[in-house]
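User: Could you zoom in on one part of this structure and walk me through it in plain language? I'd like to know what it pairs with and how its neighbours fit into the picture.

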Amino acid sequence: GALSLNYAAYAAPVKKLGVCGVSVDYMSAGSVRETDDTGVQTGTMNLSDTAVSAGCAKKFGGWGLGVSYKFISSKLAASASAHAFDAGVLSPAYAGGRLSFAAALLNFGGSIKYEEKAERLPFALKAGAAYKLGARTSLAADDFDGGEKTVAGIPLFLRDRGRRKLA
């Protein structure tokens with residue numbers, strides 16, 4: 001089947017809570033062949049995963065702290081669901097406001113059960129750093145795949161984000 005990835009998110013400032021947001025991730029592998037132990041096709045099945053998240057982040061004494069809850073639904077040969085939490089911290093800016101560090105705990109407390117045995121979600125500790133090169137560019141690096149890979153890049157911000165306040 002054809003792989004389809006879809007994502008939607010919204011975030012806004014909320015009085016006393018900081019910035020809160022919601023997101024939906026959906027992945028579908030479409031229709032795939034279902035086979036028995038000998039490789040004989042017994043039918044087809046549709047594979048998909050959905051994650052719905054909601055969370056908030058706020059600054060405390062220069063530190064950014066955030067937490068989110070997520071509900072995960074997965075459909076393989078059987079359907080399963082899980083609940084988990086993510087949490088993150090962003091350091092105050094150093095080196096004249098140009099350098100910052102971050103860390104995140106992902107999939108804390110969740111397990112998923114397809115048939116008989118529950119499996120823990122892949123817990124991860126991620127870390128990263130960013131150095132502001134100019135008004136619209138930064139050099140950023142973070143670990144990826146549980147520390148097995150390090151990713152670096154230079155994101156370019158195409159426009160300034162407008163600020164809004166909620167009543």
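Analyst: Let's start with strand 5 and strand 6, which pair in the antiparallel sense over 5 bridges. Strands here are DSSP runs of E, at least two residues long, while helices are runs of H or I, at least four residues long, and both are numbered from the N terminus. For two strands to count as paired, DSSP must find at least two bridges between them. One bridge you can look for is Val 89, whose partner in strand 6 is Ala 103.

Before we go on, a quick word on what you're looking at. This is a predicted model, where local features need pLDDT of at least 70 and side-chain atom pairs need 80 or more, though totals for chains, interfaces and linings use all residues. Residues are numbered from 1 along each chain as its sequence is written, and side-chain values use heavy atoms, leaving out hydrogens and water.

Now back to strand 6. Strand 6 also pairs with strand 9 (residues 124-132), again in the antiparallel sense, this time over 8 bridges. If you want a spot to check, Ser 100 stands opposite Ala 130 in strand 9. So what do the side chains do along a run like this? In a regular strand they alternate between the two faces of the sheet.

Let's return to strand 5, which covers residues 79-90 and includes Phe 85. With a relative accessible area of 42%, Phe 85 is partly exposed. The cut-offs are easy: buried is under 20%, exposed is over 50%, and partly exposed is in between, using a 1.4 Å probe and protein chains only. Phe 85 also belongs to a nonpolar surface patch of about 890 Å², along with Val 24, Val 52, Val 67, Tyr 69, Phe 71, Leu 105, Phe 108, Phe 123 and Leu 125. Strand 4 (63-75) and strand 6 (99-108) are the elements that give two or more residues to this patch, and strand 4 gives the most, with 3 residues. Patch members have over 30% relative accessible area and no salt bridge; nonpolar side chains (Val, Leu, Ile, Met, Phe, Trp, Tyr) are joined within 5 Å, like charges within 9 Å. The areas come from the Shrake-Rupley method with a 1.4 Å probe, and for residues only the protein chains shown count as cover.

Right after Phe 85 comes something with charge. The side chain of Asp 86 meets that of Lys 70 in a salt bridge, 3.1 Å from N to O. Asp 86 sits in strand 5 and Lys 70 in strand 4, so this pair ties together parts that are 16 residues apart in sequence. Are the two partners buried or exposed? Both Asp 86 and Lys 70 are buried. To count as a salt bridge, a side-chain nitrogen of Lys or Arg must be within 4 Å of a carboxyl oxygen of Asp or Glu. The structure holds 2 of them. In the other, Glu 119 pairs with Lys 117, with the closest N and O atoms 3.8 Å apart. Here Glu 119 is partly exposed at 42% relative accessibility, and Lys 117 is exposed at 60%.

Strand 6 has an aromatic side too. Of the 3 aromatic pairs in the structure, one is made by Phe 108 and Phe 123, edge-to-face, with 6.3 Å centre to centre and 65 degrees between the planes. Phe 108 is in strand 6 and Phe 123 in the loop between strand 8 (118-120) and strand 9, so the contact links parts of the chain that are distant, 15 residues apart. Rings of Phe, Tyr and Trp (its six-membered ring) pair if their centres lie within 6.5 Å; planes under 30 degrees apart are stacked, over 60 edge-to-face, and the rest tilted. Phe 123 is partly exposed, at 48% relative accessibility.

Elsewhere in the chain, there is 1 disulfide, joining Cys 20 to Cys 56 with the sulfurs 1.9 Å apart; the cut-off is a pair of cysteine sulfur atoms within 2.5 Å. Cys 20 is in strand 2 (residues 18-35) and Cys 56 in strand 3 (residues 41-60), 36 residues apart. The torsion about their S-S bond is about 105 degrees, so the disulfide is right-handed. Cys 20 is buried at 15% relative accessible area, while Cys 56 is partly exposed at 28%.

Finally, step back to the whole chain: it has 0 helices and 11 strands, and buried residues make up 18% of its 167 residues.
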